[in-house]
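Please open the model in your viewer and keep the selection tool at hand. The stops below are meant to be followed in order, each with something to select and something to look for.

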Amino acid sequence: MTDAHAARTVRAPRGSTLTARSWQTEGPLRMLMNNLDPDVAERPEDLVVYGGTGKAARNWEAYDAIVRTLTTLADDETLLVQSGKPVGVFRTHEWAPRVLIANSNLVGDWATWPEFRRLEALGLTMYGQMTAGSWIYIGTQGILQGTFETFAAIADKFADRRFGPGKHSGGTLRGTLTLTGGAGGMGGAQPLAVTLNEGAVLIVDVDPARLRRRVDHGYLDEMTHDIDEAVARVLAAKDAGEALSVGLVGNAATVFPELLARGVAIDIVTDQTSAHDPLSYLPEGVTVEEWHALAAADPDAFTERSRASMAKHVQAMVDFHDGGAEVFDYGNSIRAEALLGGCERAFDFPGFVPAYIRPLFAEGKGPFRWAALSGDPADIAATDRAILELFPHDEKLRRWITAAGDKIAFEGLPARICWLGYKERHLAGLRFNEMVASGELSAPLVIGRDHLDSGSVASPYRETEGMADGSDAIADWPLLNALLNTASGATWVSIHHGGGVGIGRSIHSGQVVVADGTTLAAEKIERVLTNDPGTGVMRHVDAGYERAAEVARERGLRVPMWESE
């Protein structure tokens, strides 16, 4: 890499002045840059956005070529990006996506970490995670509402046990203690999600810098290196029914068994360390300073050590489960890695989707997100008000939007997320586009979602774990989702392999559409934001979920297999 393509600090432009030829290309350009903003990315100097290895571009030379191309791309041209490297520009048409992205995709028999790393070392691929390589990461808040929804579902489950199903107006985690690990780009949402549900939480991370960042950004109340202090603080909060989050510097493989041995009264246990890639999980006996050099020097030996630590970590979770705690895998593939490390009972507790989220997926509900290209927080405040006006009877949504406005610090471009479903998302998108056109917003928005959605993933250890018809590993669904979003007019579309669970374990797709205030944008938004969540309802109808069938009939989704000859 020449000096011209060296690492540098990247921040997206703000305001209403274009640096590209139109907002349809300015949108992906600013969001690529926003992914690498030092307030957003984990290791921006290495182009790593989150998850230890999830990158926005393959290298700085490729990044520069992407930026150069986006600034000159016409509205009838499409840029193709292969695992973080721009490889071609083709003439298409104004309804076609401006960018099509494929990241980390390997042929089945070759879809292993060793083969991926071999190809990566040759400079032929990169790991795109979910929203890192698709340029729609919006910082820790991007996963926050999904985490909030999960813990809210647990609170409801506790209330059902106490009062009976349907005999309460919603649960709370008041008086409970949650134990979790991992305060990175995804896991860092956990402490605030618990305290927003009025619970106490202890979160463990090996890296004090991650915990300090969460404190500085308001996602974590306090941190300590002292386990006794941490336990005393969270138990006092639990007993007082207070919401409090405490970060403990330590290794979860050591701390979880220690808390179990002490008999600490823990009600909920989960984890969101970067366990999908054993090289991104720090084994016991290795310091943070030694971590990356040891992993690079002997990946196989490091993987073995990591899996042994994960086995110990997960065995403690199994033991908490046996003791009556609510225990779940939070989608980082730690059960699969622990099984390889020798924990035979690793799958004795469920993943979060089958345990809590699948009823929402059956309705096409999932993580709808948007970012203000202006950089002006007032634009997000205006969209918050619009969301509440559009959905006045959704009390959980109102609670979330209100809390988000009060408590969430923006990272990079101001952005928001909320869970909306089939025949809801397009209403929000159209309203946002009207606000751009009228001048209520000072510049266009980008509207996208996490890849973790109801119809966009095949992931047997996470989104599609335990499907009613046994179709967990069928990967046609995210491919159909990407094809449909391309045909519907999305501004950019992506297909990735691996995501948050690792190579060989998932295929997923993403879409983003730019609301630039034009009539054409409105037409695209209506189609994309109707069809995209509609694939989630379709997928769950096909799998036999009764609620999905009800939603399809109620909201007019055409299902050919229901039609008589």
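Leaving aside its neighbours within four places in sequence, with which residues is Glu465 in contact? The model you are looking at is a predicted one, and a good way to begin is to select Glu465 in the loop between β15 (457-458) and α16 (476-488). Setting those sequence neighbours aside, you will find Glu465 in contact with Arg335, Pro350, Gly351, Pro354, Arg358, Ser459, Pro460 and Asp472. Add Arg335 to the selection and show both side chains, since the side chain of Glu465 makes a polar contact with that of Arg335, at 2.7 Å. Glu465 counts as buried because its relative accessible area is 14%, which falls under the 20% limit. If you then select His497, 32 residues away along the chain, its C-alpha atom is separated from that of Glu465 by 17 Å.

Next, turn to the nonpolar interior. Select Met31, Tyr63, Trp135, Ile387, Trp400 and Phe432, which are the residues with the most contacts inside the largest nonpolar core, a set of 100 residues. Colour helix α4 (residues 141-163) as well, for this helix gives the most to that core, with eight residues. A second, separate core has 37 residues, and Ala200, Phe256, Val314 and Ile334 are among them.

Stay for a moment with Trp135. Apart from neighbours within four places in sequence, Trp135 has contacts that include Pro28, Met31, Leu32, Asn35 and Trp492.

The following stop is the largest pocket, with a volume of about 620 Å³. To centre the view, select Arg43, Gly52, Thr53, Glu120 and Leu279, which are the closest to the pocket's centre of the 23 residues that line it. Both α3 (113-121) and α9 (291-297) supply at least two residues each to this lining, and the largest share, five residues, comes from α3. Colouring the lining by class should show ten nonpolar, six polar and seven charged residues.

Finally, look for enclosed space. How many cavities of 30 Å³ or more does a search of the whole structure find? The search finds one, and about 470 Å³ of space lies in it. Select Met186, Gly187, Gln272, Thr273 and Ser274, the closest to the cavity's centre of the 43 residues in its lining. Helix α4 returns here, giving the most to the cavity lining, with five residues, while β7 (200-205) and α12 (352-362) each supply at least two. By class, the cavity lining divides into 18 nonpolar, 20 polar and five charged residues.

Methods
Residues are numbered from 1 along each chain as its sequence is written. This is a predicted model: local features need pLDDT of at least 70, side-chain atom pairs count only at pLDDT 80 or more; totals for chains, interfaces and linings use all residues. Side-chain values use heavy atoms; hydrogens and water are left out. A nonpolar core is a set of buried Ala, Val, Leu, Ile, Met, Phe, Trp, Tyr and Cys residues joined through side-chain atoms within 4.5 Å. Buried means under 20% relative accessible area, exposed over 50%, partly exposed in between (1.4 Å probe, protein chains only). Helices (H or I, at least four residues) and strands (E, at least two) are DSSP runs, numbered from the N terminus. Contact means heavy atoms within 4.5 Å. On a 1 Å grid over the protein atoms alone, a cavity is a set of points where a 1.4 Å probe fits but cannot get out, and a pocket is an open set with protein on both sides within 12 Å along at least five of seven lines; lining residues have an atom within 4 Å of a point. Grid points are joined across faces, edges and corners, and a volume is the space filled by probe spheres set on the points. Ala, Val, Leu, Ile, Met, Phe, Trp, Tyr, Cys and Pro count as nonpolar, Asp, Glu, Lys and Arg as charged, and the others, Gly among them, as polar. A polar contact is a pair of N or O atoms within 3.5 Å; within protein, one must be able to donate a hydrogen and the other to accept it, and residues adjacent in sequence count only if both atoms are side-chain atoms.
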